[in-house]
Number of protein chains: 2
Amino acid sequence: MEKPFVVGIDIGGTGTVFGIVDSIGNIVSKGSIPTVKHADINSYIDELYEAIAEQMVKLGGLEKISGIGVGSPCGNFNSGTIENAVNLPWRGTIRFSELMKDKFSIDTVITNDANVAAIGEMKFGVAKDIKNFIMITLGTGVGSCIVSDGKIIYGENNLAGELGHICIDRNGRSCGCGRKGCLETYTSATGVVRTAREMLFATSKDSLLRNIPIECITSEDIYNAAVNGDEIAKEIFEYTGRILGESFSDFVAFTDPKAIVLFGGLTNAGDLLYQPIVEHMEKNLLFLWKGKVDVLFSELKEDNAPILGAAALAWEFAC
Amino acid sequence: MEKPFVVGIDIGGTGTVFGIVDSIGNIVSKGSIPTVKHADINSYIDELYEAIAEQMVKLGGLEKISGIGVGSPCGNFNSGTIENAVNLPWRGTIRFSELMKDKFSIDTVITNDANVAAIGEMKFGVAKDIKNFIMITLGTGVGSCIVSDGKIIYGENNLAGELGHICIDRNGRSCGCGRKGCLETYTSATGVVRTAREMLFATSKDSLLRNIPIECITSEDIYNAAVNGDEIAKEIFEYTGRILGESFSDFVAFTDPKAIVLFGGLTNAGDLLYQPIVEHMEKNLLFLWKGKVDVLFSELKEDNAPILGAAALAWEFAC
């Protein structure tokens with residue numbers, strides 16, 4: 001094969017990581033540049049170009065790259081743009097794919113983070129043989145991507161799959177979106193920390209978490225306390241899993257998926273989260289689906305998954 | 001055109017209606033046969049054949065029929081079967097399309113009622129130019145069909161779009177499915193009647209509805225009372241519309257539709273239902289969608305819509 005590689009790029013608010021990836025999902029080389037210092041998109045792309053070109057010297061040069069795939073907050077697959085991403089330094093609508101093509105002379109495809117995660121799972125992960133699934137990313141927020149008959153649902157405005165903002169309690173927790181009770185206020189990494197604070201306030205029960213200043217508790221601390229047998233920490237995962245499981249029982253009624261695939265830091269909690277999710281999903285599922293829907297945790301390494309997903313996007317649409 | 005017609009068939013628990021339909025949606029002839037008396041599927045198809053053949057005498061005979069489309073409870077588009085339809089006289093899995101093809105020598109396509117309604121709206125109704133919408137049928141139950149990029153989402157088991165069984169209150173009304181708080185226990189025609197009973201019990205306020213024995217109140221009675229200015233009746237529609245509007249604000253976050261299309265007896269309530277739906281949907285929508293999602297009531301005549309939908313299915317897939 002003359003062009004054996006693609007580049008998978010993951011744009012984050014602070015930094016951008018990229019990998020040179022072959023067609024079977026080996027990341028043969030990795031690099032990163034800062035995102036935050038580039039208020040000017042052109043200087044950002046210039047630095048990205050230098051960094052990728054440098055990695056490619058030992059791999060035969062940029063002419064060995066068949067396509068570029070990008071995952072970005074607010075990345076729009078249809079228009080190739082990044083639109084009003086609050087956590088990125090660029091305002092308005094950035095014609096990202098076009099600017100990349102101009103600089104690299106290589107076709108570039110972009111989409112949002114959750115879609116990239118779903119594409120990665122389809123090509124290299126647990127969703128390899130699954131045509132219908134819902135991808136849920138449990139990070140700072142809750143992202144999602146709905147795959148139906150092997151294809152991502154984009155919707156009318158490229159906004160499909162905002163399941164982090166499904167309302168689970170109209171009088172619930174305040175959300176950054178201005179409303180109340182959104183799923184992500186309970187089940188994101190930050191939501192879990194809110195649960196911890198609420199529970200620690202609500203009881204005087206002993207807890208390892210009381211050794212940490214309450215404003216400094218992280219979801220990792222909660223996990224560590226739970227594996228050390230801490231009752232409150234275990235209760236936090238039980239509560240989070242129940243809310244996810246109940247929500248999934250409704251999600252299933254939309255697109256009749258074979259599986260719900262979870263990715264992100266919180267899934268490191270393993271069974272602590274998995275058990276209550278499955279228990280409460282099964283308990284609340286309509287009889288038609290009982291025992292039929294799998295809950296799967298991603299097996300891709302968290303650092304590599306966004307690169308692999310973006311690379312899979314490139315292999316599918318930019319080559 | 002040598003074969004200018006299709007047959008659109010709507011199978012109901014009591015009766016089956018059919019129409020001979022041309023390519024622009026004119027129902028040139030209509031007929032019906034009883035469903036309920038045919039415990040044997042073959043005798044049912046025999047009677048259907050006779051009835052359709054009779055209608056076709058004046059139209060040039062069965063050879064003028066290009067395809068047959070069927071809407072049925074539990075109709076499975078992929079397999080051509082009717083599976084475990086509790087309201088139909090046939091048990092187990094009926095290979096309906098195959099039996100029809102054997103009898104008529106005409107290709108037959110089948111799907112469920114809500115899908116037929118969506119297809120009808122796409123070809124002949126308010127969704128003609130809409131690629132992304134959610135169809136909601138408000139009848140004895142609440143049915144739905146999700147259309148994404150012009151295509152119906154079927155899902156892994158052909159069960160996508162069971163939105164009548166989304167849970168709006170985990171401690172809510174008992175549903176026929178065995179669970180609690182399903183959307184259809186509040187917003188179907190029977191759900192609205194339950195609301196009427198609850199409200200009439202909860203207050204001693206005057207109401208025209210008190211002139212009707214409480215077990216005999218229908219959704220039509222409530223509509224008639226509301227248009228005559230009855231406060232409780234108006235409150236019932238306000239309550240129903242609020243629940244629908246709140247639910248729609250979540251539905252939108254799944255597939256990012258341009259519109260939500262409503263069909264069924266309850267939509268005869270017009271503004272009484274439309275106003276609270278739109279008000280509460282807008283109030284609860286994530287900012288991304290505010291002012292962007294249309295709520296549309298079907299304009300197809302209720303009697304004709306299932307025939308037209310089934311005919312549209314035939315034109316698309318059986319011709």
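Two strands pair if DSSP finds at least two bridges between them. Strands (E, at least two residues) and helices (H or I, at least four) are DSSP runs, numbered from the N terminus. The model is predicted: local features need pLDDT of at least 70, side-chain atom pairs count only at pLDDT 80 or more, and totals for chains, interfaces and linings use all residues. Residues are numbered from 1 along each chain as its sequence is written, chains are lettered from A and ligands numbered from 1 in the order in which they are written, and side-chain values use heavy atoms, without hydrogens and water.

**Exercise 1.** Give the strand order of the open sheet of 3 strands in chain B, and state which strands stand at its edges.

Solution. Step 1: the order is 5-6-7, with antiparallel pairing. Step 2: strand 5 (75-76) and strand 7 (93-94) of chain B each have a single partner strand, so they stand at the edges and one side of each lacks a neighbour in the sheet. Step 3: strand 5 of chain B runs antiparallel to strand 6 (residues 81-83) of chain B, and 2 bridges join them. Within this pairing, B:Asn76 has B:Thr81 in strand 6 as its bridge partner.

**Exercise 2.** Describe the open sheet of 5 strands in chain B, pair by pair.

Solution. Step 1: the order is 11-10-9-12-13, and the pairing is mixed. Step 2: strand 11 and strand 13 (294-297) of chain B are the edges; each has a single partner strand, so one side of each is left without a neighbour in the sheet. Step 3: strand 12 (residues 259-263) and strand 13 of chain B are parallel, with 4 bridges, and B:Ile260 is matched with B:Val295 of strand 13. Step 4: strand 9 (residues 133-138) and strand 10 of chain B are antiparallel, joined by 6 bridges; B:Phe133 has B:Val147 in strand 10 as its bridge partner. A hairpin of 3 residues connects strand 9 and strand 10 of chain B. Step 5: strand 10 and strand 11 (residues 151-152) of chain B are antiparallel over 2 bridges, with B:Ser148 opposite B:Lys151 of strand 11. The hairpin between strand 10 and strand 11 of chain B has 2 residues, and B:Asp149 in the turn shows a positive phi of about 50°.

**Exercise 3.** Is strand 10 of chain B mostly covered or uncovered?

Solution. Of its 7 residues, 6 are buried (under 20% relative accessible area, 1.4 Å probe, protein chains only), which makes strand 10 of chain B mostly covered.

**Exercise 4.** Characterise the interface of chain B and chain A by area, residues and polar links.

Solution. Step 1: chain B gives 38 residues and chain A gives 38 residues to the contact (heavy atoms within 4.5 Å). Step 2: the buried area (accessible area lost on putting the two parts together, 1.4 Å probe, summed over both) is about 3,200 Å², and carbon and sulfur atoms give 57% of this. In chain B, B:Glu156, B:Arg170 and B:Phe254 lose the most area to chain A, together 23% of what that side buries. Step 3: the rule finds 4 salt bridges (a side-chain nitrogen of Lys or Arg within 4 Å of a carboxyl oxygen of Asp or Glu) across the interface. A:Arg170 forms a salt bridge with B:Glu246, with the closest N and O atoms 3.4 Å apart. Step 4: helix 7 (231-255) and strand 10 (142-148) of chain B each supply at least two residues of the side that touches chain A. The largest share, 8 residues, comes from helix 7 of chain B.

Notes. Buried < 20%, exposed > 50% of the residue type's maximum accessible area, 1.4 Å probe, protein only.
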